[in-house]
Amino acid sequence: MAFTLQIGEQAPAFSLPATDGNTYSLGDFDEKLLVVFFTCNHCPYVIGSDENTRRLAERFAEKGVRFVAINSNSKNTYIEDDFDHMVARMKQYAFPWVYLYDESQAVAEAYGALRTPHFYVFDESRRLAYVGRAIDNPRDWTQSTTHELADALEALVAGKPVSVPVTNPVGCNVKWEGRDRKWMPADACDLV
């Protein structure tokens with residue numbers, strides 16, 4: 001069995017606290033498309049691509065697409081990934097998404113999150129339509145030559161199938177509690 005959620009599979013349910021003081025569940029998002037992405041506060045790939053992600057979230061919002069960020073990193077690996085730092089980061093950058101905290105890492109495990117950032121796009125019935133990276137150079141989004149997430153969203157909002165539904169995410173490993181900071185599950189090799 002694959003570690004990461006497979007195309008066509010249903011979005012795993014969650015109920016997680018957010019930096020805005022609310023708790024959100026999968027059912028709270030009724031937009032046509034839902035982008036769930038695993039992220040954190042410290043990763044240079046996240047920091048280097050946040051503005052690209054912001055632009056995508058803003059660009060596709062009027063087309064019925066909602067972005068939801070989840071931080072599943074262990075605060076014991078990087079203290080910068082704790083909830084207080086999440087709140088501070090959202091206050092500083094005012095990103096156009098809710099930022100959820102998966103302290104138990106159960107949601108990351110259910111989705112099979114491998115890296116930060118790692119994107120999952122779900123259709124209206126919340127079946128996975130795209131999984132992988134947003135761009136090929138998240139450390140410096142201005143140098144990217146491919147834009148897989150934008151391509152997938154363009155296809156889906158047009159009612160077309162995604163031509164490349166699975167890509168390898170590019171970023172730091174998810175920081176699993178009690179594991180070496182570079183640990184990856186054995187069955188989480190290259191996806192494509």
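## A walk through the fold, from the whole chain to strand E7

Buried residues account for 51% of the 192 residues in the protein chain. Keep in mind as we go that this is a predicted model. The overall dimensions make a good starting point: a compact globule of 192 residues would have a radius of gyration near 16 Å, and the 15 Å of this chain agrees with that. Along the principal axes, the C-alpha trace spans about 45 × 35 × 35 Å.

The chain is built from 4 helices and 9 strands. If you follow the sequence, the elements come in the order β-β-β-α-β-α-β-α-β-β-β-α-β. Contacts reach well along the chain: of those with a separation of 6 or more, 76% join residues 24 or more positions apart. On the outside, the accessible surface comes to about 8,900 Å², and carbon and sulfur atoms contribute 48% of it. As for charge, there are 19 positive and 27 negative charges, and their mean positions lie 3 Å apart.

Now let us move inside, to strand E7, residues 118–122. How many of its residues are buried? The count is 5 of 5, so the strand is largely enclosed by the rest of the structure. In a regular strand the side chains alternate between the two faces of the sheet. You can follow the two sides of E7 residue by residue: His118, Tyr120 and Phe122 sit on one side, Phe119 and Val121 sit on the other, and all are buried. Both faces of E7 are therefore covered, as burial means a relative accessible area under 20%.

Which strands pair with E7? One is E3, residues 33–39, which runs antiparallel to E7 over 5 bridges. Here Val35 has Val121 as its bridge partner. The other is E8, residues 128–132, again antiparallel, this time over 4 bridges. Within this pairing Phe119 stands opposite Gly132, while Tyr130 is the bridge partner of Val121. Val121 thus appears in both pairings, with Val35 as its partner in one and Tyr130 in the other. E8 is itself mostly covered, with 5 of its 5 residues buried.

The link between E7 and E8 deserves a look of its own. The two strands form a hairpin with 5 residues between them. Arg126 lies in this loop, and its phi is near 65°, a positive value in a residue other than glycine. Is Arg126 buried or exposed? Its relative accessibility is 9%, so Arg126 counts as buried.

Another residue to compare by eye is Gln105, found in the loop between strand E5 (98–101) and helix H3 (106–111). Gln105 also has a positive phi, near 70°, without being a glycine. With a relative accessibility of 7%, this residue counts as buried.

Let us step back to the start of E7. Pro117 lies in the loop between strand E6 (115–116) and E7. The peptide bond that leads from Thr116 to Pro117 is cis, with omega near 0°. Thr116 itself belongs to strand E6 and is buried, with a relative accessible area of 1%. What does Thr116 touch, leaving aside residues up to four places away in sequence? Its contacts are Phe38, Thr39, Cys40, Cys43, Tyr45, Val46, Asn73, Val170, Gly171 and Cys172.

Our last stop is helix H4, residues 148–157, which is mostly covered, with 7 of its 10 residues buried. These are Glu148, Leu149, Ala150, Ala152, Leu153, Ala155 and Leu156. An α-helix has 3.6 residues a turn, so residues three or four places apart point the same way. What covers the buried residues of H4? The cover includes E3, helix H1 (44–61), strand E4 (65–71), E7 and E8. This brings us back to the strands of the earlier paragraphs: E3 and E8, which each pair with E7, are among the elements that cover H4, as is E7 itself. Just after the helix, Gly159 takes a positive phi of about 80°.

Note on methods: Residues numbered from 1 in each chain as written. Heavy atoms only, no water. Rg over C-alpha atoms; globule rule 2.2 N^0.38 Å. Buried < 20%, exposed > 50% of the residue type's maximum accessible area, 1.4 Å probe, protein only. Contact = heavy atoms within 4.5 Å. Areas by Shrake-Rupley, 256 points an atom, 1.4 Å probe, with all protein chains shown as cover. Lys, Arg positive; Asp, Glu negative; His and termini not counted. Charge placed at Lys NZ, Arg CZ, Asp CG, Glu CD. Pairing = 2+ DSSP bridges.
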